[in-house]
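Let's take a walk through a protein model together. Keep the 3D view open and look for each part as it comes up.

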Amino acid sequence: MVPTPTVRAWRPPVAGVVEVLHAYFPDHAYPRHTHDTWTVLLVDAGTVAYDLDRRSHGTVPRQVTVLPPHVAHDGRAASAAGFRKRVVYLEEPLLGTDRVGAAVDRPGWADPVLAAAVDGLHGALVHPGDGFEAESRLALVADRLARHLAGRDVDAPAVADRPLAWAVRELLDGRVVEGVGLADVARTTYASPTHVVRAFTAEFGLPPHRYLTGRRLDLARRRLLAGERPADVAVAVGFHDQAHLGRHFRRLLGVAPGAYARSAR
């Protein structure tokens with residue numbers, strides 16, 4: 001039986017992200033083409049051989065590959081098994097045009113930290129309602145990519161900025177249900193998105209999106225114990241829907257919201 005290609009593509013409502021693609025291709029070969037975005041590629045299975053600006057390259061699983069905008073490239077499976085990949089297409093200004101040459105010279109890195117960060121970004125982009133998490137993860141991914149492309153130390157030190165961290169926490173505490181975007185937080189605090197995430201994490205031991213989720217789960221638990229239905233609770237405390245509430249509730253508390261509510265009866 002001939003394997004069937006599978007493709008899932010979408011445009012998430014996350015600033016800086018143009019498109020996301022998850023695909024399996026048993027034998028597809030891309031002709032030479034260009035994009036007007038930065039292409040961040042994570043190959044989960046198989047190997048992709050490609051030419052970038054007439055230079056030959058190849059990917060391996062867990063290597064992060066970055067193809068710069070407006071530079072011709074192709075791509076094809078390097079074995080009969082085909083390849084499975086995840087791609088996030090980023091707006092050109094996110095990494096800047098001045099780094100195109102560096103990406104042509106070296107378009108990929110076997111960096112486990114970067115691979116895990118890109119994997120986490122995809123995990124957030126898949127789920128409706130996790131936009132704040134996706135923005136936070138994207139800020140760190142973009143920063144690490146920029147450091148690679150600039151030839152700088154990629155392991156940035158922890159950022160100590162207590163006044164900023166506490167200002168962000170106060171802002172989140174005041175917007176638990178309605179939520180807030182990372183760009184709004186950055187504008188309000190006059191700090192870069194990356195600095196916001198790092199300063200908050202250094203001060204409180206978790207990133208801002210996880211803090212906000214925890215606050216929403218606090219509210220959800222109280223409403224569930226008061227007898228409210230999980231579907232009503234989810235929207236009332238800021239989650240996208242009941243499935244969104246359930247996923248985060250089980251991750252933190254180990255049980256579904258309904259089971260948690262029934263345990264108090």
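## Getting started

Before we name any strand, here's what the word covers: strands are DSSP runs of type E with at least two residues, and they are numbered from the N terminus. With that in hand, R55 is easy to place: R55 lies in strand β6. One thing to keep in mind as you look around is that this is a predicted model.

## R55 and its sheet

Let's stay with R55 for a moment. R55 is partly exposed, because its relative accessible area is 36%, and that falls between the 20% cut-off for buried and the 50% cut-off for exposed. Which residue is the bridge partner of R55? That's L52. The strands β5 and β6 run antiparallel, and four bridges join them. Now try finding V18: R55 and V18 are 37 residues apart in sequence, and their C-alpha atoms are 26 Å apart in space.

Zoom out a bit and you'll see the sheet that β6 belongs to. Four strands make up this open sheet, in the order β3-β8-β5-β6, with antiparallel pairing. Which strands sit at the edges? They are β3 (29–33) and β6 (55–58), each of which pairs on one side only. On average, neighbouring strands of this sheet are turned by 15° against each other, direction ignored.

## The nonpolar cores

Time to look inside. In soluble globular proteins, nonpolar side chains tend to be buried together. Here the largest nonpolar core has 33 residues, and the members that touch the most other members are W38, V40, V64, V88, L125 and L145. Quite a few elements chip in with at least two residues each, including the strands β4 (38–46) and β9 (83–90) and the helix α3 (112–126). Which element gives the most to this core? It's α4, with seven residues.

There's also a second, separate core of 18 residues. Among its members are L164, V168, L182 and V196.

## A nonpolar patch outside

Nonpolar residues turn up on the surface too. L252, L253 and V255 form a nonpolar patch there, and together they have about 230 Å² of accessible area. You'll find L252 in helix α10 (residues 242–253). Is L252 buried or exposed? L252 is exposed, because its relative accessible area is 54%, and the cut-off for exposed is over 50%.

## Salt bridges

Next up, charges. Side chains of opposite charge can pair when their charged atoms come close. How many salt bridges does the structure hold? There are 19 of them.

Start with D143 and R147, whose closest N and O atoms are 3.1 Å apart. Both residues lie in helix α4, four residues apart, which is about one turn of the helix. D143 counts as buried at 17% relative accessibility, and R147 counts as buried at 13%. Salt bridges that share partners also join D44, R62, R86 and D119 into one network.

Two members of that network make a nice pair to look at: the side chains of D119 and R86 meet in a salt bridge, 2.8 Å from N to O. This pair links distant parts of the chain, with D119 in helix α3 and R86 in strand β9, 33 residues apart. D119 is partly exposed, with a relative accessible area of 30%, whereas R86 is buried at 14%. In another salt bridge, D74 pairs with R76, and their closest N and O atoms are 3.1 Å apart. D74 is buried, with a relative accessible area of 15%, while R76 is partly exposed at 30%.

## Two residues with positive phi

Finally, check out a couple of backbone angles. H70 isn't a glycine, yet H70 has a positive phi of about 65°. Where is H70? H70 lies in the loop between β7 and β8 (73–77). H70 counts as exposed, because its relative accessibility is 51%.

Y190 isn't a glycine either, and Y190 has a positive phi of about 55°. Look for Y190 in the loop between α6 (182–189) and α7 (193–204). Y190 counts as exposed at 79% relative accessibility.

Definitions and conventions:
Residues are numbered from 1 along each chain as its sequence is written. This is a predicted model: local features need pLDDT of at least 70, side-chain atom pairs count only at pLDDT 80 or more; totals for chains, interfaces and linings use all residues. Side-chain values use heavy atoms; hydrogens and water are left out. Patches are made of residues with over 30% relative accessible area and no salt bridge: like charges are joined within 9 Å, nonpolar side chains (Val, Leu, Ile, Met, Phe, Trp, Tyr) within 5 Å. Accessible areas come from the Shrake-Rupley method with a 1.4 Å probe; for residues, only the protein chains shown count as cover. A salt bridge is a side-chain nitrogen of Lys or Arg within 4 Å of a carboxyl oxygen of Asp or Glu. Buried means under 20% relative accessible area, exposed over 50%, partly exposed in between (1.4 Å probe, protein chains only). A nonpolar core is a set of buried Ala, Val, Leu, Ile, Met, Phe, Trp, Tyr and Cys residues joined through side-chain atoms within 4.5 Å. Two strands pair if DSSP finds at least two bridges between them. Axes are lines fitted to C-alpha atoms, for helices over the stretch in contact, and angles run from 0 to 180 degrees between N-to-C directions.
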